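Colleague: I would like a close look at one part of this model. Please take me through one strand and its surroundings, then move outward from there.

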Amino acid sequence: MLSGTERRPLPRSLYADTARSAPAEAVLNGDLTTEVVIVGGGFTGLSTALHLAEAGVSAVVLEANEPGWGASGRNGGQVNPGLKWTPDQLEAAFGSELGGRMVRMGGEAPDLVFDLIARHGIACEPVRGGTIRAAGGRKSEAGIRDFQAQWQSRGVDITLLDRAGMESEVGTDAYALGCIDRRGGNLNPLGYARGLAEAALKAGVQIFSSTRALKLTRSNGRWQVVTPRGTVTATRVVLATNGYSDDLWPGLRRSIVPVYSSIAATAQLSPNLAASIMPNRPSLYEMSATYAYYRIDAHNRLLMGGRSVMRDSGNFSDYRTLIAYAEKLFPAIEGIEWTHCWNGQVAITPDSLPHVHEPADGLHIGLGYNGRGVAMATAIGRMLARRAAGGSAEELDLPVTRISPMFGHFAWPLAVKARLVWETFRERAGV
Ligand SMILES: Cc1cc2nc3c(=O)[nH]c(=O)nc-3n(C[C@H](O)[C@H](O)[C@H](O)COP(=O)(O)OP(=O)(O)OC[C@H]3O[C@@H](n4cnc5c(N)ncnc54)[C@H](O)[C@@H]3O)c2cc1C
């Protein structure tokens, strides 16, 4: 049995079998001093580290397992623009100045991802085929029209697709309405995480795998992070642990709901079959209670994502509903082998927005991407780097908020299931 400090292996996934190899690893043995110590080696932590090093600030990353082990190496690979709130909602709630910056950051986040990939030559199968939002009912159809109009009025070209348009873009007549946002794209996320790690290492960052941060203390204006075999002393700390947050900082784990999201992948489809599904290679997510999202990858495999069990699972029996849904959308794939299934934890926040906290001097936290972290965690990592390098809190593209632990957090798996049942009922009843 693993103790709390032992490394957990990368779960079997399509990406574990196909991504570029991991960069050489080191384990922290001894005591170190640096300017910024970052806990967590996913997109948030690696982007923070890379941008700090590029700004000439020394940085150390502590990762309990290996870079990309968390959601960053297991996700749908969809590089989606924007936050969950619409531009109008953001500007109404936060004012035109901060709200406008939030809108801009969300909209430009995919550019940052694809620029980093190009600048650092990251081998991660990047494709800029756009993001399709598909309506799952009449309510979400109205939402999609409104969403498209709001971006259009800000000069962003998002195209509405009627049933025929959706059929030609997606290859199924299941959707009455959708829209395509050409800022989006997709990639192999574990390859991207490992590429970011390698770029950070080359820029001078020290990354330690199998090195869990166990304790965080502050004395004489400096932070110290204790790990099983050494310590890191730094002026500032960044916590980038998202859906895998533990009790390192009081209340943080209970400020998000670590909901599981699951993916099943087929074997390579024949060229003809692959050309009949999403021929222009966008990725798609549904605005519906199923939370389904899918794409065809660079090797013609269909990756179908959505909700399944609320625990770690690599058993196909837990993915039957997802696979049946894929076959309902695309009957021609029936009989095709499904080769991989895996899941991971997404950090959901009560207000559906990412959260930035600064609960003590020199302590910066970014988390809660609500299933949109490929682009957003990269962008927020860059933002945290600017702040940790001495930028002011007023310049941040998100409000700095207090950590709000949820009451009754221990019951989250039950609450998630209940909500799913309720949302499915409402959608079917059309209310
Ligand atoms: C199945 C799935 C599908 C998804 N699909 C998409 C998608 O298609 N598009 C999209 O935009 N987003 C998607 N997401 C969400 C996205 O993957 C995340 O938002 C993003 O990866 C978060 O990155 P992160 O670096 O903040 O966290 P993570 O990648 O989860 O990294 C956190 C890291 O912190 C480490 N850690 C935790 N505690 C400690 C400690 N005490 N000491 C040291 N290390 C510690 C963990 O080991 C982990 O590696 C999906 C997520 C999942 C699970």
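Modeller: What follows starts at strand S4 and then visits other parts of the chain. Keep in mind that this is a predicted model.

Start with strand S4, which spans residues 131–135. How many of its residues are buried? The count is 5 of 5, so S4 is mostly covered. Look at the two faces in turn. Thr131, Arg133 and Ala135 sit on one side, and they are buried. Ile132 and Ala134 sit on the other side, and they are buried as well. Both faces of S4 are therefore covered.

Now look at the strands paired with S4. Strand S6 covers residues 177–181. S6 and S4 run antiparallel, joined by 4 bridges. Within this pairing, Thr131 stands opposite Asp181. Strand S13 covers residues 283–287. S13 pairs with S4 in the parallel sense, over 5 bridges. Here Ala134 faces Glu286 as its opposite number in S13.

Next, the loops. The loop between helix H3 (87–119) and S4 holds Glu125. The phi of Glu125 is near 55°, which is positive, and Glu125 is not a glycine. Is Glu125 buried or exposed? It counts as partly exposed, because it has 19 C-beta neighbours inside 10 Å, while a buried residue needs 20 or more.

S13 also has a loop to look at. Arg281 lies between helix H7 (271–276) and S13. Arg281 has a positive phi too, of about 60°, and is not a glycine. With 18 C-beta neighbours inside 10 Å, Arg281 is partly exposed.

Compare a loop residue that is buried. Asp397 lies in the loop between helix H9 and helix H10 (412–429). Why is Asp397 called buried? Because 20 other C-beta atoms lie within 10 Å. Leaving out residues up to four places away in sequence, Asp397 touches Arg101, Met102, Met105 and Met383. Gly100 is 297 residues from Asp397 along the chain, but their C-alpha atoms are separated by 8.8 Å.

H9 leads us to the ligand. The ligand is surrounded by 46 residues. Which are the closest? They are Gly42, Gly70, Gly76, Gly344 and Gly373. By class, the shell has 18 nonpolar, 23 polar and 5 charged residues. Helix H9 (373–388) supplies at least two residues of this shell. Helix H2 (43–54), strand S12 (257–266) and strand S16 (338–348) each do so too.

Follow H2 from there. S1, H2 and S2 make a right-handed β-α-β unit. Strand S1 (residues 30–39) and strand S2 (residues 59–62) run parallel and share 4 bridges. In that pairing, Ile38 has Val61 as its bridge partner. S1 also pairs with strand S11 (residues 230–239), in the parallel sense, over 9 bridges. One of the residues in that pairing is Asp31, whose partner in S11 is Thr231.

Now follow S12 instead, to helix H8 (residues 320–329). Leu322, Ala326 and Leu329 are buried in H8. Seen down the helix axis, the buried residues fall within an arc of 65°, so they line one face of H8. What covers them includes S12 and strand S15 (302–306). The face turned away from the buried side carries Ala324 and Lys328, which are exposed.

Conventions:
Residues numbered from 1 in each chain as written. Predicted model: local features only at pLDDT ≥ 70, side-chain atom pairs only at ≥ 80, totals over all residues. Near = placed C-beta within 6 Å. Nonpolar A, V, L, I, M, F, W, Y, C, P; charged D, E, K, R; others polar. Pairing = 2+ DSSP bridges. Right-handed = clockwise from strand over helix to strand, strands pointing away. Buried ≥ 20, exposed ≤ 12 C-beta atoms within 10 Å, placed from the backbone. Contact = placed C-beta atoms within 7 Å. Arc of directions from axis to C-beta.
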